[in-house]
Amino acid sequence: MQVDVLERWRNTHVLIIDEISMLNADTFDLLHNLAWKTNQCNDELCGGIQVITCGDFRQLPPVKGDYVFKSAIWKKYMFNVIELNESFRQENIEIFNALNEIRIGKVSDKTVDLIMTRHFEVDHSINPNYIRLFFTNMEVDFNNSCQLMNIPSDEHWFHSKDVIKNSKINPIFQIPFCINNKIGAVVMLVKNINVEEGLCNGTIGVVSFVETDGVWVIINGKKLKIENVREDILDCTHNIIASRIGLSLQLAFSLTVHRVRVRANNN
């Protein structure tokens, strides 16, 4: 193990694992074994590191392998459970109950009837303000392009600027390489900019004005200017290996089901 990585393990006091349902038992055991060997302490979970896991086992399972709770290490150490049962993002009690029934796989006739009120046979029956959901990015990109073309206003392209310090890497940024905007376009923030003002990853708004150095977006009734921000990618030693400067927006007439789920969890 490299010295810098070894030091990071030794200096880690709290390990937080999000989306724990997607981590399989073997990987959890591997993390434990790696941590306690690094700290030379085999009578505590991860060698004495406090481990906090978050997630819902009724959501996505591991791609391969057993659920993490089938791990012998998990059964031995992970016994303090806190259940969060208050929803902060769904105020409609009927929708909340329907979603919870779907979550546990016991759906009542009342929930079926409610869901069917959102079912439409033809596209023109759908409220144009609704965000359309698709399974693939290709379908989302196609629908977003079609919706943008239907807006009778001028196009405004924004291109990001990249600085890649290592030509051997292919970094993946949250900020898109380019985005085509129009007044009236539905957009979504893809990075946290100012959480206190509601400018966080997953926030939806409508473009109201376009300038050369940014875009004005109506978010929750407020006009806010979205300007270029910088996104850095770091290596294991916290050195910057790649950067992108650009608008942290993407078109959001439609989204993938996965993106909506992640957005909901982040909120």
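Which residue in β12 is the bridge partner of Val-163? In this predicted model, that partner is Ser-243 of β12, and the pair offers a convenient way into the sheets of the chain, to which we return after a view of the whole.

The chain carries seven helices and 14 strands, and its C-alpha atoms fill a box of roughly 65 × 55 × 35 Å when taken along the principal axes. Of its 267 residues, 32% are buried. When contacts between residues at least 6 apart in sequence are considered, 60% of them join residues at least 24 apart. The chain exposes about 18,100 Å², and carbon and sulfur atoms supply 54% of that area. As for charge, there are 27 positive and 32 negative side chains, and the centres of these two sets lie 3 Å apart.

Toward the start of the chain, a pair of strands can be followed residue by residue. Strand β1, residues 14-17, pairs in the parallel sense with strand β2, residues 50-53, over four bridges, and within this pairing Ile-16 has Ile-52 of β2 as its bridge partner. In a regular strand the side chains alternate between the two faces of the sheet. Strand β1 shows such an alternation, with Leu-15 and Ile-17 pointing to one face and buried, while Val-14 and Ile-16 point to the other face and are not buried.

Between α2 (25-39) and β2 runs a loop that contains Cys-46, a residue whose phi is near 50 degrees and thus positive, although it is not glycine. Most residues other than glycine have a negative phi, and most peptide bonds are trans. Cys-46 counts as buried because its relative accessibility is 3%, below the cut-off of 20%.

The pair with which we began belongs to an open sheet of three strands, ordered β5-β12-β11 and paired in the antiparallel sense. The edges are taken by β5 (161-164) and β11 (229-234), and because each has a single partner strand, one side of each is left without a neighbour in the sheet. From one strand to the next, the twist averages 10 degrees. On one side of β12 (residues 240-246), the antiparallel pairing with β5 extends over four bridges, and besides the bridge between Val-163 and Ser-243, Ile-164 stands opposite Ala-242. The antiparallel pairing of β11 with β12 comprises six bridges, and here Asp-232 stands opposite Ser-243. Ser-243 is therefore a point at which both pairings can be located, facing Val-163 in one and Asp-232 in the other. The strands β11 and β12 also form a hairpin with five residues between them, in which His-238 takes a positive phi near 70 degrees.

A second open sheet is built from five strands in the order β10-β9-β8-β7-β13, again with antiparallel pairing. Its edge strands are β10 (222-227) and β13 (249-251), each of which pairs on one side only. On average, neighbouring strands of this sheet are turned by 45 degrees against each other, with direction ignored. Within the sheet, β7 and β8 are joined in the antiparallel sense by three bridges, and Val-187 stands opposite Gly-205 of β8.

Two loops of this region deserve a separate look. The loop between β7 (186-189) and β8 (204-211) holds Ile-193, which counts as partly exposed because its relative accessibility is 35%, a value that falls between the cut-offs of 20% and 50%. With residues up to four places away in sequence left aside, Ile-193 touches Leu-199, Ile-226 and Ser-248. The C-alpha atoms of Ile-193 and Asn-143, residues that lie 50 apart along the chain, are separated by 27 Å.

The other loop, between β9 (214-219) and β10, contains Asn-220, whose phi is near 55 degrees, once more a positive value in a residue other than glycine. Is Asn-220 buried or exposed? Asn-220 is exposed, since its relative accessible area is 73%, whereas Cys-46, with its own positive phi, is buried at 3%.

Notes. Residues numbered from 1 in each chain as written. Predicted model: local features only at pLDDT ≥ 70, side-chain atom pairs only at ≥ 80, totals over all residues. Heavy atoms only, no water. Buried < 20%, exposed > 50% of the residue type's maximum accessible area, 1.4 Å probe, protein only. Contact = heavy atoms within 4.5 Å. Areas by Shrake-Rupley, 256 points an atom, 1.4 Å probe, with all protein chains shown as cover. Lys, Arg positive; Asp, Glu negative; His and termini not counted. Charge placed at Lys NZ, Arg CZ, Asp CG, Glu CD. Pairing = 2+ DSSP bridges. Axes fitted to C-alpha atoms, helices over the stretch in contact; angles between N-to-C directions.
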